[in-house]
Amino acid sequence: MEQTKKPTPLSLFWAIAQINTVTLGGGYVIVPVMASTFEKRGWMSEGDFFDIFAKAQAFPGPLALSTAILSSQKLCGTKGAVAAFFGVILPPFIALILVSGVIGSIGSLPAVKRFLEGAGAVVPGIVAAMLWKTASKRKWTLAKAIETIVVTVALVLFPSLSLPILLAAIAALYGIEVLCKRSK
Amino acid sequence: MQTLEIIWTFFKIGVISFGGGWSVVGIIKNDVVPRWVSETDFRAMIAIAQSTPGPIALNAATMIGWNHGGFFSALAATISVVTFPVMAIAATTLLAKRVRLRGDALQESLRTGSLAMIAMTLWTLRPDSADPLVLAFGLAAFVTGAFTKVNALWVILGSGLIDAVAGPAIRSLLGI
């Protein structure tokens, strides 16, 4: 089936805002839901959507945001991109203001304090799981392993220089990749 | 002007926030702990950011801003963290025909960068106490996250509830 239906910016905004209101768990959970919604509404096939998602990963910023902006831009230009921006930004902003307000008023109760401490204790485990999953999916070579370790050590040793370190590392690694490909 | 400091800090975080939300958590932490929030509060905030709708970096920005100076700081932090990403998308759209980057090479270098960022995040957020309950919650989160498809939300809520309801009882049983 060919995709012939075109959304209006407003319908894009509502669709994206709804997804961002009910989907918990960040970009990797939001993006697949967006893909299936766009396909169900006949706006874009899941295949096309995931092509855009692959491109979005090269951009800084939350994945849900860049994927939503790029796909909506393809569907209805700049207006679509603006609609997507607000669709992604507004629901979490409102939710977080409400949650922060509630925590502000009951956060000092001992039980709530323990709840937050228990929830916070989970964080290293989630990060370790992310690291495990990302690392095990990658096709490793010795060079890539060394590069990754060098950048990690630099980031750990110089936390206040993380921005220049990362920008320099990415530019250098990009250059190395291009040169290696050319010499083959 | 502390609001200006918030804007600048989160703008910088936005510049390097590629590779999915979790890779940038360590960088956010280096910038805001202990300047604006305590270590324990930061961990709780990240857990909340993950279990509320929306991207984690965005949610963390909103919450840290709110905590620091109420509604307008929250707004300033949220807008600042997405300013550079939005500019990057706009610039690429405008320049796409003139600049040709090797997409595959760029993705490989970004992959190395974001893996290093996640590894650094893990280092800076390693468990900071020997409390067996804290370690058990962390371990449970790692096992479910790495080997099952269970949403991290349930581990976060479960650990919070166990600690809220039974934390003191369990700790006194273990003799701490």
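**Interface between chains A and B and domain contact within chain B**

Between chain A and chain B, an area of about 7,200 Å² is buried, with carbon and sulfur atoms giving 79% of this value. The model is a predicted one, and the values reported here are computed from it. The contact between the two chains involves 77 residues of chain A and 83 residues of chain B.

On the side of chain A that touches chain B, 51 residues are nonpolar, 18 are polar and 8 are charged. Seven helices of chain A are represented there by at least two residues each: helix 1 (9-22), helix 2 (27-40), helix 4 (63-106), helix 5 (110-121), helix 6 (123-137), helix 7 (142-157) and helix 8 (162-183). Of these, helix 4 of chain A provides the largest share of the side that touches chain B, namely 19 residues.

Specific polar interactions between the chains were also enumerated. The interface of chain A and chain B contains 2 salt bridges. One of them joins the side chains of Arg138(A) and Glu108(B), with an N to O distance of 2.7 Å. In addition, 10 residue pairs are found in polar contact across the interface of chain A and chain B, where both residues of each pair have a pLDDT of 80 or more.

Within chain B, the domain assignment distinguishes domain 1, spanning residues 2-126, from domain 2, spanning residues 128-176. The contact between these domains is made by 6 residues from domain 1 of chain B and 4 residues from domain 2 of chain B. The C-alpha centres of the two domains are separated by 26 Å.

The area buried between domain 1 and domain 2 of chain B amounts to about 410 Å², and carbon and sulfur atoms account for 63% of it. On the side of domain 1 of chain B, the residues losing the most area to domain 2 are Ala47(B), Gln50(B) and Ser51(B), which together make up 66% of what that side buries.

Neither class of polar interaction was detected between the domains of chain B: the interface of domain 1 and domain 2 shows 0 salt bridges, and the count of residue pairs in polar contact, with both residues at pLDDT 80 or more, is likewise 0. The residues of domain 1 of chain B that touch domain 2 nevertheless comprise 3 charged and 2 polar residues, along with 1 nonpolar residue.

Methods. Residues numbered from 1 in each chain as written. Chains lettered and ligands numbered in written order. Predicted model: local features only at pLDDT ≥ 70, side-chain atom pairs only at ≥ 80, totals over all residues. Heavy atoms only, no water. Domains from an automatic or database assignment. Contact = heavy atoms within 4.5 Å. Buried area = accessible area lost by both parts, 1.4 Å probe. Salt bridge = Lys/Arg side-chain N within 4 Å of Asp/Glu carboxyl O. Polar contact = N/O pair within 3.5 Å; in protein donor to acceptor, adjacent residues only side chain to side chain. Nonpolar A, V, L, I, M, F, W, Y, C, P; charged D, E, K, R; others polar. Helix = DSSP H or I, 4+ residues; strand = E, 2+ residues; numbered from the N terminus.
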